[in-house]
Amino acid sequence: MKIVFLGPPGAGKGTYASRLQDKFGWPHISTGDLVREEIKNNTEIGKKIKPYYDEGKLVPDEIVIEMLKERLSKDDCKNGFILDGFPRNLNQAKELEKITGIDLVINLVVPKDLIIKKLSGRRICKKCGAIYNINEIRIGDRVLPALKPKVDGICDKCGGELYQRDDDKPEVIEKRLIEYQNQTAPLIDYYKEKGLLKDVDGVGTVDEVLERIISILNT
Ligand code: ADP
Ligand code: ZN
């Protein structure tokens, strides 16, 4: 199955995509991770895109599309994949169609105030990429538990060190949300018109939301 995850930053796209990868075996492809890898390795491309990343802006289409093309050409993508963070604008959606068809677009619906709380509490494992959240979140009288590691700052899975992404700092979060609203949100209507879009209520525990997603995959 070829799946695209849509939704604002912090909606949990990466978390659910990686859980689906574990369950169904389709590779989880995050263009954000591809971008961070280039920046970390200080490659030519990395140097070019870092200023955009640091500002919470989308990096130029040509560069991300090239990275994605290369990733999708690998063998493990033959039977399907889960895209997280791509496409991010209309042009990327059209370019994706030239590379491959997709079967389903899952749109995670999460209100903005919750997004900001989730992003500011997000912590990631340096070694294995596992995602945690140190904030407990209250919505009305519901409490969503934090996803804390057993030991502060240390990954449960691999013992790696947890860190906060540079762009999860408050100054950048606001810019990313604006970028999402202007560039990415229009894709919701685009995929709706194509009959590919399914809305999923993204408010709940990881297991609850995952259950909703899986029930769509099973229909
Ligand atoms: P989130 O969904 O939490 O905002 P990502 O990890 O998907 O974070 O993206 C982080 C940053 O990487 C973006 O702000 C942008 O600079 C860059 N990026 C990721 N995917 C794309 C894309 N498809 N097109 C352009 N820039 C991208
Ligand atoms: Zn880890």
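This is a short dialogue on reading selected features of a predicted model.

User: What should I know about the numbering and the model before I start?

Analyst: Residues count from 1 along each chain as its sequence is written, while chains are lettered from A and ligands numbered from 1 in the order in which they are written. The model is predicted, so to speak of local features takes pLDDT of at least 70 and side-chain atom pairs pLDDT 80 or more, with totals for chains, interfaces and linings using all residues, and side-chain values use heavy atoms, leaving out hydrogens and water.

User: Which residues come nearest to ligand 1?

Analyst: Start with the rule. A residue is near a molecule or strand if one of its heavy atoms lies within 4 Å of it. Here 19 residues surround ligand 1. Thr 31, Lys 57, Gly 85, Gln 92 and Arg 176 come nearest.

User: How many residues of each class are in the shell around ligand 1?

Analyst: The classes are fixed by residue type. Ala, Val, Leu, Ile, Met, Phe, Trp, Tyr, Cys and Pro count as nonpolar; Asp, Glu, Lys and Arg count as charged; the others, Gly among them, count as polar. The shell has six nonpolar, five polar and eight charged residues.

User: Which helix gives the most to that shell?

Analyst: Helices are DSSP runs of H or I with at least four residues, strands are runs of E with at least two, and both are numbered from the N terminus. Helix H2 (residues 31-40) gives the most, with three residues.

User: Which polar contacts does ligand 1 have with Lys 57, Arg 122 and Arg 165?

Analyst: A polar contact is a pair of N or O atoms within 3.5 Å. Within protein, one atom must be able to donate a hydrogen and the other to accept it, and residues adjacent in sequence count only if both atoms are side-chain atoms. For Lys 57, a backbone N or O atom sits 2.6 Å from an oxygen atom of ligand 1. Arg 122 uses an N or O atom of its side chain, 3.1 Å from a ligand oxygen. Arg 165 places a polar side-chain atom 3.0 Å from an oxygen atom of the ligand.

User: How much of ligand 1 does the protein cover?

Analyst: Accessible areas come from the Shrake-Rupley method with a 1.4 Å probe; for residues, only the protein chains shown count as cover. Ligand 1 on its own has 540 Å² of accessible area, and the protein covers 97% of it.

User: How many disulfides are there?

Analyst: A disulfide is a pair of cysteine sulfur atoms within 2.5 Å. The count is zero.

User: Are Cys 77 and Cys 125 buried or exposed?

Analyst: Buried means under 20% relative accessible area, exposed means over 50%, and partly exposed lies in between (1.4 Å probe, protein chains only). Cys 77 is buried at 5%. Cys 125 is buried at 3%.

User: How many aromatic pairs are there?

Analyst: A pair of aromatic rings is described by the distance of the centres and the angle of the planes. Rings of Phe, Tyr and Trp (its six-membered ring) pair if their centres lie within 6.5 Å; planes under 30 degrees apart count as stacked, over 60 as edge-to-face and the rest as tilted. The count is two aromatic pairs. Phe 24 and Trp 26 are stacked, because their ring centres are 4.8 Å apart and their planes meet at 10°. Phe 24 is partly exposed at 32% relative accessibility, and Trp 26 is buried at 15%. Tyr 190 and Tyr 191 are edge-to-face, because their centres are 5.3 Å apart with planes at 70°. Tyr 190 and Tyr 191 are buried.

User: What is unusual in the backbone at Asn 42 and Pro 87?

Analyst: Most residues other than glycine have a negative phi, and most peptide bonds are trans. Asn 42 is not a glycine, yet its phi is positive, about 55°. Asn 42 is in the loop between H2 and helix H3 (44-54). A cis peptide bond joins Phe 86 and Pro 87, with omega about -5°. Pro 87 is in the loop between strand S3 (81-84) and helix H5 (90-99).

User: How far apart in space are Val 109 and Val 200?

Analyst: Compare sequence separation with C-alpha distance. Val 109 and Val 200 are 91 residues apart in sequence and 6.0 Å apart in space, C-alpha to C-alpha. Val 109 lies in strand S4 (residues 104-109).
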